[in-house]
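Trainee: Could you take me through one part of this structure closely? I would love to see how the sheet is put together and what packs around it.

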Amino acid sequence: MNTFAGKVALVTGGSSGIGRATAIKFGERAAKVVVAARREKEGKETVEMIKKAGGEAMFVQTDVRIASQVENMVQQTVKKYGHLDIAFNNAGVGGIMARLIRTTEDTFDEVVDTNFKGVWLSMKYEIPVMLEQGGGVIINNSSTAGVSTAERLSVYSGSKHAVVAISNAASTEYGRDNIRVVAICPGWIKTRMTEELRARKDADAFQSSIPLKRWGEPEEVAEMVIWLASDAASFVTGGAFIISGGMNV
Ligand SMILES: NC(=O)c1ccc[n+]([C@@H]2O[C@H](COP(=O)([O-])OP(=O)(O)OC[C@H]3O[C@@H](n4cnc5c(N)ncnc54)[C@H](OP(=O)(O)O)[C@@H]3O)[C@@H](O)[C@H]2O)c1
């Protein structure tokens with residue numbers, strides 16, 4: 001379980017869901033973990049969970065939409081742990097699902113600023129540290145909506161397609177610098193983001209339309225991130241890795 005001994009892993013959106021599950025797995029595998037998110041209480045709870053499991057972690061309160069806060073997140077990481085080997089840029093929002101013409105400008109700005117600008121800003125400040133130290137791994141959380149799409153998902157889907165595109169672009173720019181960059185594309189996962197959908201009357205019918213007949217668990221997505229971040233995936237860069245139980249939106 002010492003896969004990441006000596007490594008430092010940063011997880012944005014580590015205060016719940018997929019980010020929390022992944023941060024815990026990094027901690028269990030001996031990485032020093034930086035948990036970043038806006039909610040302090042929940043972020044610190046993740047840190048406590050990692051420490052309880054015998055790991056080392058700290059919380060840096062961060063809004064990924066704001067450049068100075070993202071810069072601070074990376075600076076605090078390097079100040080405390082000396083380097084940054086793995087970044088899981090996972091912070092994201094679903095926004096309000098609505099038809100394109102009913103989507104408000106506020107929803108557009110929230111979704112695009114968090115999901116796309118947040119990933120761009122994160123890489124903008126993470127990559128210089130990785131260049132300086134001679135390499136690193138970046139995993140950006142897109143969605144099956146980043147490779148396919150559906151009704152009432154136009155803005156979310158657009159933001160997640162952009163995450164796949166910027167990940168691929170970065171993988172071509174920084175491969176020569178020993179920085180691997182990939183996107184992951186989860187399907188329907190049991191987190192806060194999908195709470196409302198799972199509470200709907202037609203939730204059972206929806207679930208049975210998934211080929212594996214169930215929602216995914218955040219821990220299952222975390223396992224994919226762990227593999228992609230590890231040396232077992234040393235020849236993997238670029239691409240969009242689907243984990244969806246067979247339902248690609
Ligand atoms: N659940 C699914 O079915 C599913 C499917 C495909 C992709 N995804 C993607 O998975 C990622 C994680 O979502 P989740 O499903 O685990 O839901 P979640 O539990 O709601 O987690 C979202 C995380 O993003 C953080 N976040 C949101 N806005 C932020 C901001 N401006 N700055 C910093 N952190 C921010 C939240 O923390 P704070 O609120 O504390 O800031 C939270 O930790 C998202 O990118 C989402 O699009 C989810």
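Mentor: Let's walk through the sheet and then turn to the helices that pack on it. Keep in mind that this is a predicted model.

Start with the strands: seven of them form an open sheet, in the order 3-2-1-4-5-6-7, and the pairing is parallel. Strand 3 (56-61) and strand 7 (240-243) stand at the edges, and each has a single partner strand, so one side of each is left without a neighbour in the sheet. From one strand to the next, the twist averages 20°.

Now look at one of those edges. Strand 3 pairs with strand 2 (residues 32-37) in the parallel sense, over six bridges. As an example, Val-35 has Phe-59 in strand 3 as its bridge partner. Helix 2 (residues 40-52) packs on the sheet here, touching strand 2 and strand 3, and its direction makes about 170° with that of strand 3.

Helix 5 packs on the sheet too: it touches strand 5 (136-141), strand 6 (179-186) and strand 7, and its direction makes about 160° with that of strand 6.

Helix 5 (residues 154-174) also has a helix partner. Its axis and that of helix 4 (residues 105-133) come within 9 Å and cross at roughly 15°. The two helices are therefore roughly parallel to each other, and their crossing is right-handed. The residues of this contact divide into 15 nonpolar, three polar and one charged. Among them, helix 4 brings Phe-108, Val-112 and Trp-120, while helix 5 brings Val-155, Ile-166 and Tyr-174.

Technical notes
Residues are numbered from 1 along each chain as its sequence is written. This is a predicted model: local features need pLDDT of at least 70, side-chain atom pairs count only at pLDDT 80 or more; totals for chains, interfaces and linings use all residues. Axes are lines fitted to C-alpha atoms, for helices over the stretch in contact, and angles run from 0 to 180 degrees between N-to-C directions. Helices (H or I, at least four residues) and strands (E, at least two) are DSSP runs, numbered from the N terminus. Angles under 35 degrees count as roughly parallel, over 145 as roughly antiparallel, 65 to 115 as roughly perpendicular and the rest as oblique. A crossing is left-handed if the near helix is turned anticlockwise from the far one by less than a right angle, and right-handed if clockwise. Two residues are in contact if their C-beta atoms, placed from the backbone, lie within 7 Å. Ala, Val, Leu, Ile, Met, Phe, Trp, Tyr, Cys and Pro count as nonpolar, Asp, Glu, Lys and Arg as charged, and the others, Gly among them, as polar. Two strands pair if DSSP finds at least two bridges between them.
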